[in-house]
Amino acid sequence: DKLKSSSFKILDEIGIALKENPAMKLKITGHTDSDGTESDNMMLSLNRAKSVKNYLVSQHQIPENRLFFEGKGESNPVSSNTTTEGKAQNRRVEFTKL
């Protein structure tokens with residue numbers, strides 16, 4: 001749930017888009033791979049999404065009431081959890097315009 005510096009560029013682009021569109025609201029959804037317990041993964045995915053929300057609020061002054069977050073744990077994989085590459089793809093955050 002710690003943001004990687006490689007994520008800052010895209011998060012900054014999202015922050016700019018939110019500033020340019022003050023009516024836009026986003027849902028931030030965190031996901032994990034299947035390593036660990038289901039309950040741990042649910043908490044990790046929630047914290048992952050919350051970290052993104054906190055970044056947008058603190059670095060771009062986006063009002064909190066425009067950002068909603070949730071965790072899906074390991075329940076919505078986009079790739080196989082049997083390979084290293086697949087697991088890496090499943091550890092992600094998705095954005096949905098509301």
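Begin by selecting Gln-61, which you will find in the loop that connects helix 2 (38-60) with strand 2 (67-71); bear in mind, as you look, that this is a predicted model. Display the backbone of Gln-61 and check its phi angle, which is near 55 degrees and is thus a positive value in a residue that is not glycine. Then turn on the surface for Gln-61: its relative accessibility is 54%, and because exposed means over 50%, the residue counts as exposed.

Next, select the whole protein and colour it by secondary structure, which brings up 3 helices and 3 strands. If you follow the chain from the N terminus, the elements come in the order α-β-α-β-α-β.

With the whole chain still selected, turn to its overall dimensions. Along the principal axes, the C-alpha atoms occupy a box of roughly 40 × 25 × 20 Å. The radius of gyration is 14 Å, which agrees with the value near 13 Å that a compact globule of 98 residues would have.

Now colour the residues by accessibility, and 32% of the 98 residues will count as buried. When you switch to contacts, consider those between residues at least 6 apart in sequence: 72% of them join residues that are at least 24 apart.

Finally, show the molecular surface and the charged side chains. The accessible surface of the protein amounts to about 6,000 Å², and carbon and sulfur atoms account for 52% of that area. Among the side chains, 15 are positive and 13 are negative, with 6 Å between the centres of these two sets.

Methods: Residues are numbered from 1 along each chain as its sequence is written. This is a predicted model: local features need pLDDT of at least 70, side-chain atom pairs count only at pLDDT 80 or more; totals for chains, interfaces and linings use all residues. Side-chain values use heavy atoms; hydrogens and water are left out. Helices (H or I, at least four residues) and strands (E, at least two) are DSSP runs, numbered from the N terminus. The radius of gyration is taken over C-alpha atoms; the globule rule is 2.2 Å times the number of residues to the power 0.38. Buried means under 20% relative accessible area, exposed over 50%, partly exposed in between (1.4 Å probe, protein chains only). Contact means heavy atoms within 4.5 Å. Accessible areas come from the Shrake-Rupley method with a 1.4 Å probe; for residues, only the protein chains shown count as cover. Lys and Arg count as positive and Asp and Glu as negative; His and the chain ends are not counted. The place of a charge is taken as NZ of Lys, CZ of Arg, CG of Asp or CD of Glu.
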